[in-house]
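Student: Got a minute to walk through this one with me? I'd like to go from single residues up to the overall fold.

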Amino acid sequence: MFKKINIFAVLVVLGFVFSNSAAADATVEDFQVWGNVTALGNFGAINPNNPDLKKFRWWMEGQGRFGNDATQFTQSLIRPGLGYALTDKVVVWAGYAWAPTAEPLAARPFNEHRIWQQVTWADNFSFGRLSTRSRFEQRFFDHHAPLSGNDDVGHRFRQLVKLAVPLPSISPELSFIVQSELFIAMNTVDNPAFISRGYDQNRAFVGLGYKVNQYATVELGYMNQFINRPHSARPDQMMHNFIANLFLNF
């Protein structure tokens, strides 16, 4: 059973990667390097005698992305948020994100501001740890955004599914990571050359995770990112990204 799960996980990722490649006949490709630090915690330390405070959570995330063959700044993300644990497996969240963006994702630099809401779920099984994240975003663009039109608020849904399979035969702290995140634009921003309703992009990741200690986990791997632009003069884009993530859980 365990071997079957491993094989299935690999096939799922390869399916996403090759389906993206097949759908992108006239795409522009790029190699990028992404770095991410995400820290999670609760407010239990404020009053250890009040267990309900542990249900209130905080989220702080910072990212740096470098494109054009990893030679220049492409995008960064600062994403703080607050959450509440409904159960030991389900947490609801809301927060803000700032995303300055440049080439090759944008024809010219602009700032994006987001309000986001999400639900996260995670549980352990005999084959590994399975988790999901369902996120809604409201995206606000400044006047430098390319052809943003009058309706400059984009609504987007994102669904992430992640599986971490332990590799105890190599190391008890090592895991094989496979995940995919689908992006759906919920509306068309006035000028359809900018954001069009429907399938926006997919990010398929495969890599390794290593638990450094009870607080820190490092993940390294490859992400295939396909960006769909069905009504834009700009071509579709496929990014081959080297990903380095540091997750801190307090």
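**Residue by residue, then the fold**

Tutor: Sure, start with asparagine 124, which is exposed, with a relative accessible area of 53%. Keep in mind that this is a predicted model.

Student: Okay, where is asparagine 124 found?

Tutor: Asparagine 124 belongs to strand 5.

Student: And what does the side chain of asparagine 124 have a polar contact with?

Tutor: With the side chain of arginine 129, at 3.0 Å. Arginine 129 in turn has a bridge partner in strand 7, alanine 164.

Student: How far is asparagine 124 from leucine 163?

Tutor: The C-alpha to C-alpha distance is 9.9 Å, with the two positions 39 residues apart in sequence terms. Leucine 163 is also one of the residues in the largest nonpolar core.

Student: Which residues make up that core?

Tutor: There are seven: Phe127, Leu163, Val165, Leu167, Leu174, Phe176 and Val178. Two elements give two or more residues to this core, strand 7 (153-166) and strand 8 (174-185). Strand 8 gives the most, with three residues.

Student: Why would they sit together like that?

Tutor: As a general tendency, nonpolar side chains in soluble globular proteins are buried together.

Student: Let's zoom out. What do the strands build overall?

Tutor: A closed barrel of eleven strands, in the order 1-2-3-4-5-6-7-8-9-10-11, with mixed pairing. On average, neighbouring strands of this sheet are turned by 20° against each other, ignoring direction.

Student: How do strand 5 and strand 6 pair, parallel or antiparallel?

Tutor: Antiparallel, over 14 bridges. Strand 5 and strand 6 form a hairpin, with two residues between them. Phenylalanine 125 stands opposite glycine 128 in strand 6.

Student: How many bridges are there between strand 6 and strand 7?

Tutor: Twelve, and the sense is antiparallel. Strand 8 and strand 9 (residues 198-211) also pair in the antiparallel sense, over twelve bridges. For a concrete example, serine 180 has alanine 204 in strand 9 as its bridge partner.

Student: Switching to aromatics. How many aromatic pairs does a search of the whole structure find?

Tutor: Ten. Take tryptophan 59 and tryptophan 116: the ring centres are 5.8 Å apart and the planes are at 55°, so the pair is tilted. This pair links distant parts of the chain, since tryptophan 59 is in strand 2 and tryptophan 116 is in strand 5, 57 residues apart.

Student: Are those two buried or exposed?

Tutor: Tryptophan 59 counts as buried at 8% relative accessibility, and tryptophan 116 counts as buried at 1%.

Student: What's the geometry for phenylalanine 136 and phenylalanine 157?

Tutor: That pair is tilted too, at 4.9 Å centre to centre and 45° between the planes. Phenylalanine 136 is in strand 6 (residues 128-141) and phenylalanine 157 is in strand 7, 21 residues apart, and the pair links distant parts of the chain. Phenylalanine 136 counts as partly exposed, at 41% relative accessibility, and phenylalanine 157 is partly exposed as well, at 22%.

Student: Which residues form an aromatic cluster?

Tutor: Trp58, Tyr215 and Phe250 form one.

Student: Which rings have an arginine's charged end sitting over them?

Tutor: Tryptophan 34 is one of them: the charged end of arginine 65 sits over its ring, 3.9 Å from the centre. Tryptophan 116 comes up again here, with the charged end of arginine 135 over its ring, 5.2 Å from the centre.

Student: Last topic, backbone oddities. What's the phi of asparagine 68?

Tutor: Near 50°, so a positive value in a residue that is not glycine. In general, most residues other than glycine have a negative phi, and most peptide bonds are trans.

Student: Where is asparagine 68, and what about aspartate 69?

Tutor: Asparagine 68 is in the loop between strand 2 (56-67) and strand 3 (72-85), and aspartate 69 is found in the loop between strand 2 and strand 3. Aspartate 69 has a positive phi of about 60°. Asparagine 68 is partly exposed, with a relative accessible area of 27%, whereas aspartate 69 is exposed at 53%.

Student: And which residues does a cis peptide bond join?

Tutor: Glutamate 103 and proline 104, with omega about 0°. Proline 104 is in the loop between strand 4 (90-101) and strand 5 (110-125).

Terms used. Residues numbered from 1 in each chain as written. Predicted model: local features only at pLDDT ≥ 70, side-chain atom pairs only at ≥ 80, totals over all residues. Heavy atoms only, no water. Helix = DSSP H or I, 4+ residues; strand = E, 2+ residues; numbered from the N terminus. Buried < 20%, exposed > 50% of the residue type's maximum accessible area, 1.4 Å probe, protein only. Core = buried A, V, L, I, M, F, W, Y, C linked by side-chain atoms within 4.5 Å. Polar contact = N/O pair within 3.5 Å; in protein donor to acceptor, adjacent residues only side chain to side chain. Pairing = 2+ DSSP bridges. Axes fitted to C-alpha atoms, helices over the stretch in contact; angles between N-to-C directions. Phe/Tyr/Trp six-rings, centres within 6.5 Å; stacked < 30°, edge-to-face > 60°. Lys NZ or Arg CZ within 6 Å of the ring centre and 35° of its normal.
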